[in-house]
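Work through the exercises below with the model open. Each task is followed by its solution.

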Amino acid sequence: MTAPSPSDLPETIPVREAHRFPTEALEAFLAQQGLGRLNELRQMRGGQSNPTFLVMAEAGEYVLRKQPPGKLLPSAHAVDREFRVLQALSRTDVPVPQAVAYCADPGVIGTPFYLMERLHGRVFWDPMLPELPREERAGIYYGMNEALARLHLVDPAAIGLSDFGRAGNYFQRQIERWSKQWVASKTRENVAIDRLAEWLPAHIPADSDETRIVHGDFRLDNMIFHKTEPRVIGIIDWELATLGHPLADLGYNCIAYNTAPTAYRGVLGRDLPALGIPTQDEYVRRYCERTGRSDGITPFHVAFALFRLAVILEGVLARAQAGNASSDEASQKGALGIALAERGWELAQSQA
């Protein structure tokens with residue numbers, strides 16, 4: 001079989017200088033796993049947090065996810081947890097890539113890593129879906145909606161994930177965690193993050209002890225869709241997955257509805273019916289129908305999601321300044337931390 005040329009792989013680039021590693025030990029690891037020789041290694045264009053690579057081996061194509069180089073924040077970049085949740089969910093109807101192998105030995109490529117199958121499909125980066133005709137856009141949104149509902153209908157204990165996180169009290173623990181991460185990664189002032197860190201604990205919804213598997217970064221471009229159908233064939237980027245409240249995932253998934261196109265690729269202010277895109281109310285209602293819920297999200301859930309995302313992007317900015325971020329666009333994306341936190345604060349004030 002002839003190996004594809006770089007022009008046939010638009011989602012990849014040559015390996016970035018900061019992420020290069022000797023491949024001899026990786027070749028030996030592939031052989032041990034029965035995957036044959038390494039033909040080529042390229043880096044995926046995405047991967048803001050964990051560097052991601054396309055491994056073209058004798059047995060086929062695989063995606064490699066590893067920790068970034070350099071000093072890391074506590075509990076961050078846990079590729080072992082990503083591998084575990086993929087393995088567990090492969091026994092359900094949740095669409096995920098097949099986990100192939102995990103390597104804890106940093107001596108192989110410099111950090112722990114894992115391999116998963118490479119899925120061939122469509123990835124949509126812009127929530128306005130400009131590449132699709134109007135009549136196909138709602139199907140993509142509802143396909144994403146169905147994938148999220150399937151995830152939240154899974155019983156963690158039934159697939160061996162009862163200890164994948166702590167049950168109950170999710171929002172309080174997460175607010176505390178990300179407030180600490182903000183202090184640990186802070187390189188500049190972000191007043192809106194500070195305000196949200198104070199406001200959020202005092203406005204946690206009363207009924208917040210429900211526990212399910214949450215993805216933590218559930219957004220459109222973390223889905224691989226079927227080549228022709230409006231169906232998700234793989235949810236990717238599970239670094240932030242844990243046990244938590246499902247409405248935290250839904251609130252995060254609705255960030256695009258609450259941010260403008262100039263701020264993190266949102267659709268706020270756009271004529272959604274004209275675009276053929278369901279409104280947030282329609283989207284949330286469909287999710288509730290699929291999961292049997294009687295409640296939806298409030299401004300708290302989206303403000304919480306924006307607070308957490310702003311802290312994450314401030315961490316991206318910090319890694320960019322340290323020279324070990326996973327994307328050339330890290331500085332630009334990290335700079336969005338202020339805009340997103342300010343939008344979260346606006347939503348918080350709308351609920352007060």
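**Exercise 1. Surface.** State how much area the protein exposes and what share carbon and sulfur atoms supply.

Solution. The model is a predicted one. The exposed area of the protein is about 15200 Å². Carbon and sulfur atoms supply 50% of that area. Now turn to burial. Of the 352 residues, 54% count as buried.

**Exercise 2. Overall form.** Decide how the radius of gyration compares with the globule rule.

Solution. Start with the elements: the protein has eleven helices and ten strands. Its radius of gyration is 20 Å, and the globule rule gives 20 Å for 352 residues, so the protein is as compact as a globular protein of that length. Next, the box. Along the principal axes, the C-alpha atoms fill roughly 60 × 45 × 40 Å. Last, the contacts. Take those between residues at least 6 apart in sequence: 73% of them join residues at least 24 apart.

**Exercise 3. Charges.** Find how far apart the mean positions of the positive and negative charges are.

Solution. Count the charges: 37 are positive and 43 are negative. Compare their mean positions. These are 1 Å apart.

**Exercise 4. Cysteines.** Count the disulfides, and explain why Cys288 has no bond to its closest cysteine.

Solution. The cut-off between sulfur atoms is 2.5 Å. The count comes to zero disulfides. For Cys288, the closest cysteine sulfur is in Cys254, 9.9 Å away, and therefore too far for a bond. Then check burial, where the limit is under 20% relative accessible area. Cys288 has 11%, so it is buried. Cys103 has 5% relative accessibility, so Cys103 also counts as buried.

Key
Residues are numbered from 1 along each chain as its sequence is written. This is a predicted model: local features need pLDDT of at least 70, side-chain atom pairs count only at pLDDT 80 or more; totals for chains, interfaces and linings use all residues. Side-chain values use heavy atoms; hydrogens and water are left out. Helices (H or I, at least four residues) and strands (E, at least two) are DSSP runs, numbered from the N terminus. The radius of gyration is taken over C-alpha atoms; the globule rule is 2.2 Å times the number of residues to the power 0.38. Buried means under 20% relative accessible area, exposed over 50%, partly exposed in between (1.4 Å probe, protein chains only). Contact means heavy atoms within 4.5 Å. Accessible areas come from the Shrake-Rupley method with a 1.4 Å probe; for residues, only the protein chains shown count as cover. Lys and Arg count as positive and Asp and Glu as negative; His and the chain ends are not counted. The place of a charge is taken as NZ of Lys, CZ of Arg, CG of Asp or CD of Glu.
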